[in-house]
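Me: I should like to learn how to read the features of a protein model. May we go through them in turn?

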Amino acid sequence: MNAKQKEAKDPSRRRNRPEVLGPAPTKGANNPSASRETVESIVVAIILAFLFRGFVAEAFVIPTGSMAPTLRGRHMDIVCPQCDFEYNTGASMENEEDGQARGEVTVTCCPVCNFALPLDKTVNPNERSFNGDRILVSKFAYQLSEPERWDVIVFKYPGNAKQNYIKRLVGLPGETLRIRHGDIHTVESDGRAQIVRKSPTKLKAMLHVVDDSDHVAPALRKVDWPSRWQTASAVGGDQQWRQTADDKGYIVQSGTDETWLRYRHLAPHPEDWGAIEAGVRPQWLEGTEGTLITDYYSYNDYRAGGHATGTAWVGDLAFEAKVDVQSEQGELLLDLVEGGSHYLCRIDVASGKATLSITDFAGQPQAFEDGSAVRTATTAAKGQGSKGIRFSNCDNELLLWVNDKVIEFDGATTYVPLPDVVPKWSPTDPGDMAPVGIGGKNAELTVTSLRVLRDIYYLAQESDGRYQTEYTRNMWQGDLDDVMYDPRSWAETTVFKDRRTVEFRLEEDQFFPLGDNSPQSKDARLWSEGSHDTGYHSPPPYVARELLIGKALVVYWPHGWRPPSPTLSRLTGNYAFIPNFPQMKFIR
């Protein structure tokens, strides 16, 4: 029986033999068929790559910091030598324009402890600037669906179609958009304005860290710098909050009275650090209660000596904590203050039930948007054990997370604030001078990893030279700082009422983008050359639909790390080849 007869009798013999569709090519360099196949494969791969790039997705590099900290342009990654907090400083000025850089970043300021760090770029290669994030953009996304508010979009700049921009989509076609007191509103035809809210996912991605109890500089403890978290209750003895043995947390065994721990924004000035490192406590501490939280961006602070202050008060805040409950009953209390109003969450330890309520500065109850006095929900914060808590008051909405899960209440947790919200203070209620609180009642609690965060504050600016500040009159930074530090002046000053309101009208197929780094973003507010009075703008303060490129999806390749060894640096030409995996992320 020959081989073919054996195969016909037992088909399994054919399973591992190659199926031959034609004569197999002969191997060798002189085989024209093999060479042709190689060339054809390369050509097809190139064509597919261009098709993919042209119609499906394309890679971009972020050049500047207008979307920081969501997306980083040319920048530096810094670990503060005082408090070990990791942060970024922008270095877009080191980008070359016409063959030359505009300048060099030589100092940076920590957003937590305000230490001004002179950079030693010769000794530490990773203190030299890195290129911006590399992102992948879906060019097909808006062929299938409409752009959505808060998407991060890539588009052709209306003033130069050869130049690509990346911003966050804030205004949609047909809307009249209003920027007021840091928030975005849409205006109806009858003049009524409605605040625009972010989803919990977007909000979480856009929050900025103001303070982190895991990062307290040892040098501050040595000069007895006051803790930013201070007890704020009349009770005494064991019912007072006290620091844990490692000074990184707080513990309380509260009784029938509410026992509060409250945050005060007591940060050093950059110029204080010389005295602090010498073991000297600055004298100005004796006469201050702290300052308001502002729209400060450490990413933008690269001046000698640092600055560490913003231009606008931010009342939209959030805070996070790890709460270890040692008792089977009692209440965990969470409080955020804005404009003197207290936004309170009570969590019953025995049942896990959470209750939200609002009271104004006079102690009178305020209702939620639908008229309800309270909102309730069942949470996983029940009984003993450790829980991750996050509580926010942003965009006129209260949100609660337990173990990183958003809690659904029995109705909307949105509210209408009182008119002209400004910071408030009194001798009996520090109000906005102590805007975050965590407390207990009949409960034994330990809290650690406390972080205070703020929302993005969109500055009300326009391209007209008279309207490029947040205020209706000229304000010197020193005058602003004086008001922020002096709560007794808040009842009389006009600073907070002098904040501007700007509006932009969008027609069909027009989109309004803004940068996350509002103080340093050339976006639709500012790129027009025109007059506020005449209404003439060139380029226009919007992006036409045909200029949209796509939706930013992922940071697929952040910068790598340069080798710390001088020998390796010479061998590699200081090339940053060690991947920075933690910075790879989906873009929110």
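Reply: Let us begin with the nonpolar cores of this predicted model. In soluble globular proteins, nonpolar side chains tend to be buried together. Here the largest nonpolar core holds 41 residues, and those that touch the most other members are W229, V323, L334, F391, L400 and I438.

Me: Which strand gives the largest share of this core?

Reply: Strand β19 does, with five residues. There is also a second, separate core of 29 residues, and Y165, I184, V196 and A460 are included in that core.

Me: How many helices and strands does the protein chain have, and what share of its residues is buried?

Reply: The protein chain has eight helices and 36 strands. Of its 588 residues, 51% are buried. As for the surface, the protein chain exposes about 28700 Å², and 51% of that area is supplied by carbon and sulfur atoms.

Me: How should I read the contacts of the chain as a whole?

Reply: One may ask how far apart in sequence the touching residues are. Among contacts with a separation of 6 or more, 68% are between residues 24 or more positions apart.

Me: What would a single buried residue in a strand look like?

Reply: Consider T186, which lies in strand β12, residues 183–187. Buried means a relative accessible area under 20%. T186 has a relative accessibility of 12%, and therefore counts as buried.

Me: Which residues does T186 contact, leaving aside its neighbours within four places in sequence?

Reply: T186 is in contact with R149, E175, T176, L177, R192, A193, Q194 and V196. One of these partners, V196, is also included in the second core.

Me: Is V79 in a helix or in a strand, and how accessible is V79?

Reply: V79 belongs to strand β2, residues 75–79. With a relative accessible area of 47%, V79 is partly exposed. Not counting residues up to four places away in sequence, V79 touches D84, F85 and E86. A distance can be read as well: V79 and L117 are 38 residues apart in sequence, and their C-alpha atoms are 9.8 Å apart in space.

Me: How do I read the faces of a helix?

Reply: One first finds the buried residues and then looks down the axis. In α7 the buried residues are L480, V483 and M484. Seen down the axis of α7, these buried residues fall within an arc of 100°, so they line one face of the helix.

Me: Next I should like to understand salt bridges. What is the general idea?

Reply: Side chains of opposite charge can pair when their charged atoms come close. A search of the whole structure finds 34 salt bridges.

Me: What is the distance between N and O in the salt bridge of E289 and R488?

Reply: The distance from N to O is 3.6 Å. This pair links distant parts of the chain, 199 residues apart: E289 is in the loop between α6 (273–277) and β19 (317–325), and R488 is in the loop between α7 (477–485) and β30 (501–505). E289 is partly exposed, at a relative accessible area of 22%, whereas R488 counts as exposed, at 54%.

Me: In the salt bridge of D370 with R375, is D370 buried or exposed, and is R375 buried or exposed?

Reply: The closest N and O atoms of this pair are 2.4 Å apart. D370 is exposed, with a relative accessible area of 53%, while R375 is buried, with a value of 5%.

Me: Where do the partners lie when R545 forms a salt bridge with D509?

Reply: The closest N and O atoms of R545 and D509 are 2.6 Å apart. R545 lies in the loop between β34 (543–544) and β35 (548–557), and D509 in the loop between β30 and β31 (510–514); this pair too links distant parts of the chain, 36 residues apart. R545 is partly exposed at 27%, and D509 is partly exposed at 30%. Salt bridges that share partners also join K204, E320, R390, D404 and R451 into one network.

Me: How many disulfides does the structure hold?

Reply: The structure holds zero disulfides. Take C113 as a case: the nearest cysteine sulfur, that of C80, is 3.5 Å away, and C113 is in no disulfide. A disulfide requires two cysteine sulfur atoms within 2.5 Å. C113 counts as buried at 2% relative accessibility, and C345 counts as buried at 0%.

Note on methods: Residues numbered from 1 in each chain as written. Predicted model: local features only at pLDDT ≥ 70, side-chain atom pairs only at ≥ 80, totals over all residues. Heavy atoms only, no water. Helix = DSSP H or I, 4+ residues; strand = E, 2+ residues; numbered from the N terminus. Buried < 20%, exposed > 50% of the residue type's maximum accessible area, 1.4 Å probe, protein only. Contact = heavy atoms within 4.5 Å. Salt bridge = Lys/Arg side-chain N within 4 Å of Asp/Glu carboxyl O. Areas by Shrake-Rupley, 256 points an atom, 1.4 Å probe, with all protein chains shown as cover. Arc of directions from axis to C-beta. Core = buried A, V, L, I, M, F, W, Y, C linked by side-chain atoms within 4.5 Å.
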